[in-house]
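User: Could you take a close look at the very start of the chain in this structure, and then walk me on from there to whatever else deserves a look? I'm a first-year student, so plain words please.

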Amino acid sequence: MILLDPTARPIIAHRGNRAHAPENTLPALMEAVALGVDAVEFDLHVSLDGTLIVLHDPTLDRTTSGSGAVARLTLNALRGVDAGASFSTDGGQTYPWRGRGVTIPTFDEVVEVLPSDMPCIIELKTASATAPLLSALKRHGMQRRVIVAGFDTASTQPLRHEGLTLGASTADVTGLLLPSLLRRSIPRTHFRALCIPTLYRGIPLPIAAMVRAVRAAGIVTHVWTINDPAKARQLWEAGVQGIISDVPQLMLLERARAG
């Protein structure tokens, strides 16, 4: 899988082609695929009646026409909101996707529209999604083309012996900081990928040092959210593998220029 190749520089679409279509929706993901991205990233929650849905926030308020907590709403209720209602590229002067029938997709729907070999980074936003995701991955036979990550260790810990590739949790990343700054390598561990931001609570992470610390353990590093081509090039030069971006087309062009 390209997401685990230490020599690759994959371009990963952050919640789909997020700068040009409503995040975590089928149009955004399909646009990203059409651009030729190497992988897509999306987020999972669970509806009141136990369906895996693709949405970043625990509530509907920011990205849809609805409001309220996702976990308190049935799939049928979630189907009734407009997932394109809040998307704007001009600061709210226009909403080009409003009223076009864009819905919150289920995990199964996303799998159906993606190419059968498309690698995915799946972010668990709640531990309640862990068991349903494991079942769904087995049902679709896609265990070998995903990285499953989650900020909360409780989301990924139950998956450590299920043969899945896991991303580091926030606690895992925090534990890497001191060895990285002391220029120490880390031993092999339960996670095989760092999916990290450049800043944590406003403080820059020592990306290059972390890359050096984890490389010997066979761990790859993917960084989000990178929308500046010059920053992407800088990260590649620091040894980072993947660029997770809202504007994957720009990143693809920059990679082609970088050679």
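Analyst: Leaving out neighbours within four places in sequence, Met 1 is in contact with Pro 119, Arg 144, Arg 145, Val 146 and Ile 147. Keep in mind that this is a predicted model. Met 1 belongs to the segment before S1. Is Met 1 buried or exposed? Neither, really: its relative accessibility is 33%, so Met 1 counts as partly exposed. You can also pick out Phe 191, 190 residues away from Met 1 along the chain, where the two C-alpha atoms are separated by 15 Å.

Now slide along to the loop between S1 and H1, where you'll find Arg 15. Its backbone has a twist to look at: phi is about 60°, a positive value, although Arg 15 is not a glycine. Why point that out? Because most residues other than glycine have a negative phi. Arg 15 counts as buried because its relative accessibility is 8%, under the 20% limit. Asn 24 sits in the loop between S1 and H1 too, and its phi is another positive one, near 60°, in a residue other than glycine. With a relative accessible area of 1%, Asn 24 is buried.

Next, follow the charges. Side chains of opposite charge can pair when their charged atoms come close. Arg 15 does this with Glu 23, in a salt bridge of 3.1 Å from N to O. Glu 23 is buried, as its relative accessibility is 13%. Glu 23 has another partner as well, Arg 62, with the closest N and O atoms 2.7 Å apart. That second pair ties together distant parts of the chain, 39 residues apart: Glu 23 is in the loop between strand S1 (11-14) and helix H1 (26-35), while Arg 62 is in the loop between strand S3 (52-54) and helix H2 (75-79). Arg 62 is partly exposed, at 38% relative accessible area. Its side chain also bridges to Asp 57, where the closest N and O atoms are 2.8 Å apart, and Asp 57 is buried at 11% relative accessibility. Through shared partners, salt bridges join Arg 15, Arg 18, Glu 23, Asp 43, Asp 57, Arg 62, Lys 125 and Asp 246 into one network. The salt-bridge count for the model comes to 13.

From charges, let's turn to the greasy side. The largest nonpolar core holds 54 residues, and the ones with the most contacts inside it are Val 40, Phe 42, Leu 44, Phe 107 and Leu 194. Zoom in on Leu 44: beyond four places in sequence, its contacts include Leu 52, Ile 53, Val 54, Phe 107, Ile 122 and Leu 133. Another core, of 14 residues, lies apart from the largest one, with Ala 28, Leu 55, Phe 87 and Trp 97 among its members.

What about empty space? Rolling a probe the size of a water molecule over the atoms shows where empty space is left. There is 1 cavity of 30 Å³ or more, and the largest cavity has about 40 Å³ of space. Some of its lining you've already met: Glu 23 and Asn 24 are in it, and others include Val 54, Leu 55 and Ile 104. By class, that lining splits into 5 nonpolar, 5 polar and 1 charged.

The largest pocket has about 310 Å³ of space. It is lined by 20 residues, and closest to its centre are Thr 170, Val 173, Pro 197, Tyr 200 and Leu 205. Helix H6 (170-181) is one of the elements that supply at least two lining residues, and H6 gives the most, with 4. The pocket lining has 15 nonpolar, 4 polar and 1 charged residues.

One last stop is the loop between strand S10 (220-224) and helix H8 (229-237), where Ile 226 has its place. Thr 225 lies in the loop between S10 and H8 as well, and the peptide bond from Trp 224 to Thr 225 is cis, with omega near -20°. Ile 226 counts as buried, at 3% relative accessibility. Among the residues Ile 226 touches beyond four places in sequence are Thr 198, Leu 235, Ile 243 and Met 251.

Notes
Residues are numbered from 1 along each chain as its sequence is written. This is a predicted model: local features need pLDDT of at least 70, side-chain atom pairs count only at pLDDT 80 or more; totals for chains, interfaces and linings use all residues. Side-chain values use heavy atoms; hydrogens and water are left out. A salt bridge is a side-chain nitrogen of Lys or Arg within 4 Å of a carboxyl oxygen of Asp or Glu. Buried means under 20% relative accessible area, exposed over 50%, partly exposed in between (1.4 Å probe, protein chains only). A nonpolar core is a set of buried Ala, Val, Leu, Ile, Met, Phe, Trp, Tyr and Cys residues joined through side-chain atoms within 4.5 Å. Contact means heavy atoms within 4.5 Å. On a 1 Å grid over the protein atoms alone, a cavity is a set of points where a 1.4 Å probe fits but cannot get out, and a pocket is an open set with protein on both sides within 12 Å along at least five of seven lines; lining residues have an atom within 4 Å of a point. Grid points are joined across faces, edges and corners, and a volume is the space filled by probe spheres set on the points. Ala, Val, Leu, Ile, Met, Phe, Trp, Tyr, Cys and Pro count as nonpolar, Asp, Glu, Lys and Arg as charged, and the others, Gly among them, as polar.
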